[in-house]
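Me: I am new to reading protein models and would like a close look at one part of this one. Could you walk me through it slowly?

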Amino acid sequence: MGLRQLPAKQTRIGRRQQIDPDGARPWVCPARGAVNLRTRLAIAGGSVVAGALVLVSVVLYPAVNANLRGQIDNTLVVAAGQAPNVAAAIKAKFRDVNGEPGFPTVPLGIGSTQLQIVPEPVRIGPSTEFVDITARDVAVADGIEGAYFRDAVYNGVVYRVYTAQLPDSPGTLVRTAIPESDPAPTLRELAWLLAGSTVAAGLLAALASRLAARRVLRPVHQLTETVELIRRTGDLSIAIPADSRDEIGRLGAAFAAMTAALDESVGAQRRLVADASHELRTPLTSLTVNLELLAENPADAQAPILAAEALGQAGELTTLVNDLVDLARYGQAPYHTEDVRLDLVAERVAARAARRAPQIEFELACAPTLVHGDPDALERAVGNLVDNAVKWSPSDGRVRISVRAGTLEVADNGPGIPDSDLEFVFDRFYRSPAARAHPGSGLGLAIVRQVAEAHGGTAEAVPCRSGALLRLVLPTCVEHREP
């Protein structure tokens with residue numbers, strides 16, 4: 001069954017603008033409930049302060065309650081100690097039903113303190129005048145047990161009661177009491193004060209945190225706007241603010257370095273494509289012309305020559321493509337590294353070059369040198385330097401190769417390099433006017449520089465009076481180890 005496209009009405013697209021598959025989706029909205037960083041910092045600041053105040057309240061409220069309770073207990077003890085004086089003063093004015101001096105058994109109110117003296121004999125039982133008398137009260141009156149505190153309820157009121165023996169009166173009981181509702185307003189006010197302070201301080205801390213976060217995160221906002229502008233415009237040359245020396249400044253500097261590297265990479269890619277297109281156009285055009293001539297008249301006497309030229313041009317294209325692949329490969333960080341004897345690499349490369357060019361004399365001065373890197377890449381770089389020297393040497397010329405302390409130099413006695421070309425010989429596709437008469441892609445020395453930079457080294461052309469001298473410098477290992 002074939003595929004059938006739905007009508008525009010069914011697809012609900014109609015004549016609307018085609019959606020870019022790589023662009024932003026207009027129907028994609030931010031997640032609901034998402035909270036920005038400033039709000040999160042404000043909530044965090046307010047929560048920390050509120051949590052700290054809650055912790056303080058949890059510790060402070062019981063401490064105040066215990067303190068007030070201790071003050072009540074001290075008041076009761078002091079009132080009980082003053083009971084003999086109070087009793088003596090009241091006895092002088094009080095007469096019982098028989099007209100004899102006595103002391104009332106009902107509690108007497110002295111301020112907020114209730115004072116009751118129970119004369120001997122103290123008996124266990126209910127009391128209509130105050131809280132019931134217990135066996136422990138009788139033991140305290142008789143001096144069997146010591147004074148003590150307790151909480152008791154009388155007429156619906158909770159009292160803090162202190163029971164003791166009346167001083168210098170064995171068998172007589174004195175009880176002092178204060179309603180526990182007396183400190184309740186103070187504790188209630190304290191609770192409201194702590195609760196209100198916690199809420200108010202939390203809100204103020206949240207507001208202050210948000211204002212501070214707005215100021216602190218202003219560089220982040222500027223950085224975000226700049227990065228979004230770069231994303232919208234694709235212009236990697238836009239300056240990224242990185243003025244401060246704090247973490248945000250380091251982040252901005254990192255973004256700036258990243259965009260600069262990306263800008264350089266994109267520019268290098270564009271230049272590479274343009275240069276490769278230019279270099280490929282000439283051999284492709286020549287190859288196409290030769291093949292067209294062969295197709296028009298295959299029996300022509302010039303056919304073998306045309307075929308040979310076509311094969312040579314195809315070989316040039318193959319070399320160019322291989323050099324482009326190697327240039328891209330060696331431009332990256334080495335993916336397989338090990339300790340490499342650079343002097344042995346130079347000797348192997350020189351031996352191969354001597355077999356290909358027996359008319360050239362090779363002179364080696366190589367000291368043991370250990371470097372760490374990609375062995376294939378290093379051998380390719382040394383090979384390109386030697387091949388370049390062989391290409392420019394006369395038929396009976398001499399190529400000198402020296403290796404010492406991480407520095408490899410290749411010299412020849414050819415025509416040399418003009419001073420104006422020294423800084424360009426390692427550029428991609430750079431070929432001086434004299435070099436265009438020789439075969440080559442213009443990428444060999446560019447590969448050398450890529451390999452050197454990937455290994456943390458350098459490649460340069462050194463001025464000299466005669467011939468050319470190319471130098472490759474690589475960092476050496478700390479100590480030499482025999483392979």
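In which loop does asparagine 155 lie? Please tell me about that part and the sheet around it.

Reply: Happy to help! Keep in mind that this is a predicted model.

Let's begin with your residue. Asparagine 155 lies in the loop between β3 and β4. Is asparagine 155 buried or exposed? Its relative accessibility is 66%, and the cut-off for exposed is over 50%, so asparagine 155 counts as exposed. You can also look for phenylalanine 130: its C-alpha atom and that of asparagine 155 are separated by 8.7 Å, although the two residues are 25 apart along the chain.

Now step back to the sheet. Strands of a sheet pair through backbone hydrogen bonds, and they can do so in a parallel or an antiparallel way. Here, five strands form an open sheet in the order β1-β2-β5-β4-β3, and the pairing is antiparallel. At the edges stand β1 (108-110) and β3 (148-154); each has a single partner strand, so one side of each is left without a neighbour in the sheet. On average, neighbouring strands of this sheet are turned by 30° against each other, direction ignored.

For one pairing in detail, try β2 (residues 113-118) and β5 (residues 173-179), which pair in the antiparallel sense over five bridges. If you find glutamine 114, you will see alanine 177 of β5 standing opposite.

Next, the aromatic rings. The structure holds three aromatic pairs. In one of them, phenylalanine 149 and tyrosine 162 have ring centres 4.7 Å apart and planes at 40°, so this pair is tilted. Phenylalanine 149 belongs to strand β3 and tyrosine 162 to strand β4 (residues 157-165), so the pair links parts of the chain that are 13 residues apart. The two partners can also be described by their accessibility. Phenylalanine 149 is partly exposed, with a relative accessible area of 31%, whereas tyrosine 162 counts as buried at 12%. The cut-off for buried is under 20%.

Phenylalanine 130 comes up again here: ring pairs link Phe130, Tyr154 and Tyr159 into a cluster.

One last contact to look for involves a charge and a ring. The charged end of arginine 136 sits over the ring of tyrosine 148, 3.8 Å from the ring centre.

To retrace the tour, start at asparagine 155 in its loop between β3 and β4, then follow the strand order β1-β2-β5-β4-β3 across the sheet, and finish with the cluster of Phe130, Tyr154 and Tyr159.

Terms used. Residues are numbered from 1 along each chain as its sequence is written. This is a predicted model: local features need pLDDT of at least 70, side-chain atom pairs count only at pLDDT 80 or more; totals for chains, interfaces and linings use all residues. Side-chain values use heavy atoms; hydrogens and water are left out. Two strands pair if DSSP finds at least two bridges between them. Helices (H or I, at least four residues) and strands (E, at least two) are DSSP runs, numbered from the N terminus. Axes are lines fitted to C-alpha atoms, for helices over the stretch in contact, and angles run from 0 to 180 degrees between N-to-C directions. Rings of Phe, Tyr and Trp (its six-membered ring) pair if their centres lie within 6.5 Å; planes under 30 degrees apart count as stacked, over 60 as edge-to-face and the rest as tilted. Buried means under 20% relative accessible area, exposed over 50%, partly exposed in between (1.4 Å probe, protein chains only). A charge sits over a ring if NZ of Lys or CZ of Arg is within 6 Å of the ring centre and within 35 degrees of the ring normal.
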